[in-house]
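Work through the exercises below with the structure open beside you. Each task is followed by a solution in steps.

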Amino acid sequence: MLKRFTNQRLDFNANNITGFIDAYLLKQEQEATKAQTYFNEENLLISVLDLFAAGTETTSTTVRWGILLMMKYPEIQKKVQEEIKTHIKPGQLPTVEDRKKMPYTDAVIHEIQRFGNILPLSGVHSTSTDVYLRGYLIPKDTEVIPFLTSVLFDKTQWKTPYDFNPNHFLDENGKFVRPDAFMPFSVGRRACAGEALAKMELFLFFTGLLQAFTFYPPPGVSREDLSLKPVVGFTLVPTPYMTCAKPNY
């Protein structure tokens with residue numbers, strides 16, 4: 001990784017920013033005269049590793065939840081596949097642009113993220129000033145860890161918070177809507193830096209899988225037998241399961 005940084009620095013062109021590392025190097029140049037800056041080599045390495053590690057784990061876990069939930073709710077899987085057939089021509093892979101015209105699929109993916117609740121504890125935040133919340137004082141520079149579960153399953157924000165329900169993200173006309181309470185990527189200045197990339201990846205992976213396959217429980221296992229109870233760790237992952245994938249051709 002350090003070799004990659006060195007090579008990219010040699011080819012760096014401030015007028016041709018090609019990605020995250022270039023953007024970081026540009027900011028490093030801009031703050032070169034400051035006595036104190038966070039844009040150093042160590043933080044660059046940690047930031048890149050964090051983006052790769054965090055993005056890979058959460059995206060793959062979301063896809064695992066998605067396959068499990070499609071086996072559990074085949075009627076939802078069927079509706080997603082019908083939308084795929086309507087908007088994506090046979091033989092063509094899904095593209096990011098297809099997401100705009102596939103509100104039901106988009107709603108299902110968002111509900112997978114909400115219901116899966118993969119990162120119940122957000123990253124550590126810090127109060128920049130004294131904050132008064134419901135009669136309590138939170139002094140400046142206090143570390144705060146948001147509990148995202150309290151929002152993703154808030155009964156005042158979701159019609160059926162403990163049920164898997166894609167209609168949480170659809171209006172009365174079937175158009176996609178994103179409620180303010182949807183925050184699996186956290187909020188504020190410490191929100192996930194890879195949110196936009198994760199959204200694209202999840203749409204392409206999930207749509208591509210359901211375009212190619214229909215997922216069923218293995219022989220001898222009914223959908224009622226499938227457990228939605230997570231395994232608790234740093235992230236909430238599905239209880240290990242087996243699946244059968246039948247090609248859609």
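A salt bridge is a side-chain nitrogen of Lys or Arg within 4 Å of a carboxyl oxygen of Asp or Glu. The model is predicted, so local features need pLDDT of at least 70 and side-chain atom pairs count only at pLDDT 80 or more, while totals for chains, interfaces and linings use all residues. Residues are numbered from 1 along each chain as its sequence is written, and side-chain values use heavy atoms, with hydrogens and water left out.

**Exercise 1. Salt bridges**

Task: Find the distance between N and O in the salt bridge of Glu 75 and Arg 223, and state where the two residues lie.

Solution:
- Step 1. The side chains of Glu 75 and Arg 223 come together at 3.1 Å, N to O.
- Step 2. Glu 75 sits in helix α4 and Arg 223 in the loop between β5 and β6, so the pair links distant parts of the chain, 148 residues apart. Helices (H or I, at least four residues) and strands (E, at least two) are DSSP runs, numbered from the N terminus.
- Step 3. Glu 75 has a relative accessible area of 42% and is partly exposed; Arg 223, at 33%, is partly exposed. Buried means under 20% relative accessible area, exposed over 50%, and partly exposed in between (1.4 Å probe, protein chains only).

Task: Describe the salt bridge between Glu 41 and Arg 9.

Solution:
- Step 1. The N to O distance for Glu 41 and Arg 9 is 2.3 Å.
- Step 2. Glu 41 belongs to helix α3 and Arg 9 to helix α1 (residues 2–10), so this pair ties together parts that are 32 residues apart in sequence.
- Step 3. The relative accessible area is 34% for Glu 41, which is partly exposed, and 38% for Arg 9, also partly exposed.

Task: Is Asp 98 buried or exposed?

Solution:
- Step 1. Asp 98 forms a salt bridge with Lys 101, with the closest N and O atoms 3.4 Å apart.
- Step 2. Asp 98 has a relative accessible area of 8% and is buried, whereas Lys 101, at 39%, is partly exposed.

**Exercise 2. Helix α5**

Task: Compare the expected span of α5 with the distance between its end C-alpha atoms.

Solution:
- Step 1. The expected span of a helix is 1.5 Å times one less than its number of residues.
- Step 2. Helix α5 (residues 103–116) has 14 residues and should span 20 Å; its end C-alpha atoms are 20 Å apart, which agrees.
- Step 3. Of the 14 residues of α5, 13 are buried.
- Step 4. Just after α5, Asn 117 takes a positive phi of about 50°.

**Exercise 3. Nonpolar cores**

Task: How many residues has the largest nonpolar core, and which helix gives the most to this core?

Solution:
- Step 1. A nonpolar core is a set of buried Ala, Val, Leu, Ile, Met, Phe, Trp, Tyr and Cys residues joined through side-chain atoms within 4.5 Å.
- Step 2. The largest nonpolar core has 31 residues, and those with the most contacts inside it include Met 70, Val 108 and Leu 210.
- Step 3. At least two residues of this core come from each of α3 (41–72), α4 (74–87), α5 and α7 (195–212).
- Step 4. The most is given by α3, with seven residues.
- Step 5. Apart from this core lies another, of seven residues, among them Phe 5, Ile 21, Leu 44 and Val 48.

**Exercise 4. Contacts of Leu 228**

Task: Place Leu 228 and list its contacts.

Solution:
- Step 1. Leu 228 lies in the loop between β5 (213–216) and β6 (230–232).
- Step 2. Contact means heavy atoms within 4.5 Å. Leaving aside neighbours within four places in sequence, Leu 228 is in contact with Trp 65, Leu 68, Leu 69, Lys 72, Tyr 73 and Phe 115.
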